[in-house]
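Good morning, and thank you for joining. I would like to take you through one structure today, beginning with a single residue and ending with the contact between two chains.

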Amino acid sequence: MIEPSVEECSTENGLQLTPDLAIANLQSSDLSLRYYAAWWLGRFRVSRPEAINVLIAALEDEADRTELGGYPLRRNAARALGKLGNPQAIPGLIKCLECSDFYVREAAAQSLEMLDGKVAVSALIKLLAGGVAQAVQIPGRPHLTQPYEAVIEALGSLGATEAISLIQPFLEHPTPRVQCAAARAMYQLTQDPSYGEILVKMLAQEDLKLRRVALGDLGAIGYMAAAEAIAQSKVENSFKLIALKGLLEHQLATFDMGDDAIRVMNLMDSLL
Amino acid sequence: MTDELIRAVTSADTSSQMVTAVKNLAAAKEPAAVPTLIAVFGYNNPAAAAVAMAALTELGTIAVPQLLAQIDDYNYGARAYSMRTLAAIADPLALDVLIIAATTDFAPSVRRAAAKGLGNLHWHQLGFLDRKIAQDRALTALLLISQDSDWSIRYAAIVGLQSLAKNTNLQLPIQDRFKEMLAIDPEKVIRARVQVAQMQIA
């Protein structure tokens, strides 16, 4: 529902693929066909057992390498497996948390969160080793030593209360996005509104992308006290609607229809 | 006088100068300001666009022909503001433009704004026969997009249909569609919004 993006455009080409063809392509000798097929299976939610099996196998691919030693096919396979909802992928994804490629580790953490892979908690916690002191930028790369945002968010969603003392210091990490991830997880793990308020304050930041991240986080944790702040934030309406939808889903799951739910819907109506 | 105010808008250098200039132009409430106010939609300045939108809405029907003629084909942000303004003025002259936008625009924000507007036009401004034809067309468009794959478009369709159901002659097909959505829509949020709409109509 975000404005059409590269992904939307690609889907038109993707219509030429079929599930059978994509599964076959994923085992083809043409690396670009394999890379695209892995994305396609996730995008079009092809959750048949054969698709799951070939994607799990692709998590150990050695053929598709970047100049810097990355594993593009593993990244796409890890992302797709998160979308397909099959817990069979969990052991393979846990192994990916040790991959030398940052983006494979990041995709694996995100997908383990989506698959509700609680058995991954101890493996995820290992990536926080060394705490904030270790969480520095890798020279020459656009990322930190570990995918901290994805790991911390996963631990929050998985209800890993044993990680609270490890996550809390990341509220002070110099990168605002990591602070957001920590606030989001801390709220999920403690339900303490002070962490929700950290995210509300982020809505006033100069950086539009950061405001979008904070909106997404507030939606994901369903922090009702932020409803008006979300509606008034200086972000595109599409992002606000998604965040308010998150609030409403949480509200409906806990209290069913009530005044708060109607309040959120009134705000959503005003953003159309 | 208005010329000067218009020049202040077109020559504003900073975002805050722009907002001030648009506020001053808006305060003049001059029909001659309409094209400039619409152009503000395309300046990627949400605060200024909000002021322009309020001013155009207040000018009302007099702004509608220019709003319809000056839709920005290349900037969906600007188009969404145009649809919101047309929706707020609610002149039935906008019917065709709103139907096309709601059903065919590539940008969800434009479609949502148009869908909301389709439900809420000032139907009483039309004669009996024209009104019936126009309402049927709005209903058909909203029923169609209530089946869109994007939840936010379906959400906007419900809001449009809820408004349209104020016309008692249209209530039956709308209530039928709401029942259907309540039974089959996969999104909890959509089903909840349908329930609210049903309570409003009953």
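**A buried aspartate, a helix and an interface**

B:Asp105 has a relative accessibility of 13%, and because buried means under 20%, this residue counts as buried. Please keep in mind throughout that the model is a predicted one.

Where does B:Asp105 sit in the chain? It lies in the loop between helix 7 and helix 8 of chain B. Its side chain is joined to that of B:Arg79 by a polar contact of 2.7 Å. If neighbours within four places in sequence are set aside, the residues in contact with B:Asp105 are B:Arg79, B:Ile100, B:Val110 and B:Arg111.

Helix 7 of chain B covers residues 95-104, and its buried residues are B:Leu95, B:Leu98, B:Ile99, B:Ala101 and B:Ala102. These pack against helix 6, helix 8 and helix 9 of chain B, the last of which spans 128-145.

Let me turn to chain A, and to helix 14. This helix runs over residues 208-221, which is 14 residues; at 1.5 Å a residue it should span 20 Å, and its end C-alpha atoms are indeed 20 Å apart, so the two values agree. At the N-terminal end, A:Asp207 acts as a cap, with a side-chain oxygen 3.0 Å from the backbone nitrogen of A:Lys209. Just after the helix, A:Gly222 adopts a positive phi of about 65°.

Which residues of helix 14 are buried? Among them are A:Leu210, A:Val213, A:Leu215, A:Leu218 and A:Ile221, and the list also includes the charged residues A:Arg211 and A:Asp217. The buried residues pack against helix 10, helix 12, helix 13, helix 15 and helix 16 of chain A.

Finally, the interface. Here 22 residues of chain B are in contact with 21 residues of chain A. Together the two chains bury about 1,900 Å², of which 68% is on carbon and sulfur atoms. There are two salt bridges between the chains; one of them pairs the side chains of A:Lys245 and B:Glu187, at 3.1 Å from N to O. Seven residue pairs are in polar contact across the interface.

Which helix of chain B gives the most to the side that touches chain A? That is helix 12, with six residues. Helix 6, helix 8, helix 10 and helix 12 of chain B each supply at least two. By residue class, this side of chain B divides into twelve nonpolar, three polar and seven charged residues.

How values were computed. Residues numbered from 1 in each chain as written. Chains lettered and ligands numbered in written order. Predicted model: local features only at pLDDT ≥ 70, side-chain atom pairs only at ≥ 80, totals over all residues. Heavy atoms only, no water. Contact = heavy atoms within 4.5 Å. Buried area = accessible area lost by both parts, 1.4 Å probe. Salt bridge = Lys/Arg side-chain N within 4 Å of Asp/Glu carboxyl O. Polar contact = N/O pair within 3.5 Å; in protein donor to acceptor, adjacent residues only side chain to side chain. Helix = DSSP H or I, 4+ residues; strand = E, 2+ residues; numbered from the N terminus. Expected span 1.5 Å × (residues − 1). Buried < 20%, exposed > 50% of the residue type's maximum accessible area, 1.4 Å probe, protein only.
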